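Dear colleague,

I am passing on the structure we spoke about, with the sequence alongside it. Below it you will find my notes on what turned up when I went through it.

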Amino acid sequence: MGFIIIGIGSISDTGAGTGYDRLRLLYLDQMGGMAIPMPKIFTVFSILSMASLALPGMSGFVAELMIFFGILTSQKYLLMTKILIIFLNTIGIILTPIYSLSMLRQMFYGYKLFNTPNSYFFDSGPRELFISISILIPVIGIGIYPDFIFSFSVDKVEAILSNFF
């Protein structure tokens, strides 16, 4: 999700993607009301935003959980360092929903009705749906069954850790 936000923030045709293709707008305060006319894009964007928020059952939750367990069980750091790191991570966990949910609200349920005259006003086609589903399947799959991914990396992680401990 971080790369998607960076792409949108690049303010270019390639980085902004489907939103810019249809709206020809770059700023959130100019958008609004896209949920009803573009339900497929709204659904995919909402699911991926929830994955970014570390919603249980999605890959972001597994990643956040692994980071917290890794910090808590580490014997390399002192208790005060662990508390500081967890405090900083908690600030990020609090700020992420504020930003992400306000972005969703502004884009899809914005204050204005959607009345942009220069927009190419259509929902996802088959190509975009295929790509979206190809992204959604691993996001949900890793969230439900993370052992599948961990089984590929356990030997390599143990080899790396054996060099340090």
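Ser74 is buried, with a relative accessible area of 15%, which falls under the 20% cut-off for that class. Ser74 sits in the loop that runs between α5 and α6, and a polar atom of the Ser74 side chain lies 3.2 Å from the backbone nitrogen of Lys76. Please keep in mind, here and in everything that follows, that this is a predicted model.

A second loop residue deserves a look, namely Ala54, which is placed between α4 and α5. The phi angle of Ala54 is near 65 degrees, and this is a positive value in a residue other than glycine. With a relative accessible area of 17%, Ala54 counts as buried.

To set these loops in context, the protein has eight helices and zero strands, so that the order of elements from the N terminus reads α-α-α-α-α-α-α-α, as the helix and strand assignment gives it. Of the 165 residues, 28% count as buried, while the exposed surface comes to about 11300 Å², with carbon and sulfur atoms supplying 72% of that area. Taking the contacts between residues at least 6 apart in sequence, 72% join residues at least 24 apart.

The UniProt record, an unreviewed entry, lists residues 41-72, 84-109 and 129-150 under "transmembrane region". In the model, residues 41-72 are 81% helix and 0% strand, with 38 Å between the C-alpha atoms at the two ends. For residues 84-109 the corresponding values are 96% helix and 0% strand, with the end C-alpha atoms 37 Å apart.

Turning to the interior, the largest nonpolar core has nine residues, which are Met31, Met34, Ala35, Phe42, Phe45, Met103, Leu104, Met107 and Phe108. Helices α4 (39-52) and α6 (79-108) each supply at least two residues of this core, and α6 gives the most, with four residues. There is also a second, separate core of six residues, and Leu48, Ala51, Met58 and Leu136 are among them.

The aromatic residues give a further view of the packing, and the count comes to four aromatic pairs. One of them is formed by Phe42 and Phe108, whose ring centres are 5.0 Å apart and whose planes stand at 65 degrees; the pair is therefore edge-to-face, a class that begins over 60 degrees. Because Phe42 lies in helix α4 and Phe108 in helix α6, this pair ties together parts that are 66 residues apart in sequence. Phe108 counts as buried, at 1% relative accessibility. Phe42 and Phe108 also belong, together with Phe45 and Tyr109, to one aromatic cluster.

Another edge-to-face pair is made by Phe148 and Phe152, with 5.1 Å from centre to centre and 80 degrees between the planes. These two residues are four residues apart in helix α8 (residues 147-164), so about one helical turn separates them. As for their surroundings, Phe148 counts as partly exposed at 46% relative accessibility, whereas Phe152 is exposed, with a relative accessible area of 53%.

Two isoleucines round off these notes. Which residues does Ile93 touch, once its neighbours within four places in sequence are left aside? They are Glu64 and Phe68, and the C-alpha atoms of Ile93 and Glu64 are 9.2 Å apart in space although the two residues are 29 residues apart in sequence. Ile93 lies in helix α6 and is partly exposed, with a relative accessible area of 36%.

Ile142, for its part, is placed in helix α7 (residues 126-144) and counts as partly exposed at 26% relative accessibility. With neighbours within four places in sequence again left aside, Ile142 is in contact with Ser59, Val62 and Ile149. Ile142 and Ser59 are 83 residues apart in sequence, yet their C-alpha atoms are 5.1 Å apart in space.

With best wishes

How values were computed:
Residues are numbered from 1 along each chain as its sequence is written. This is a predicted model: local features need pLDDT of at least 70, side-chain atom pairs count only at pLDDT 80 or more; totals for chains, interfaces and linings use all residues. Side-chain values use heavy atoms; hydrogens and water are left out. Buried means under 20% relative accessible area, exposed over 50%, partly exposed in between (1.4 Å probe, protein chains only). Contact means heavy atoms within 4.5 Å. Accessible areas come from the Shrake-Rupley method with a 1.4 Å probe; for residues, only the protein chains shown count as cover. UniProt positions are given in the numbering used here, feature names are shortened, and annotations may be inferred rather than shown by experiment. A nonpolar core is a set of buried Ala, Val, Leu, Ile, Met, Phe, Trp, Tyr and Cys residues joined through side-chain atoms within 4.5 Å. Rings of Phe, Tyr and Trp (its six-membered ring) pair if their centres lie within 6.5 Å; planes under 30 degrees apart count as stacked, over 60 as edge-to-face and the rest as tilted. A polar contact is a pair of N or O atoms within 3.5 Å; within protein, one must be able to donate a hydrogen and the other to accept it, and residues adjacent in sequence count only if both atoms are side-chain atoms.
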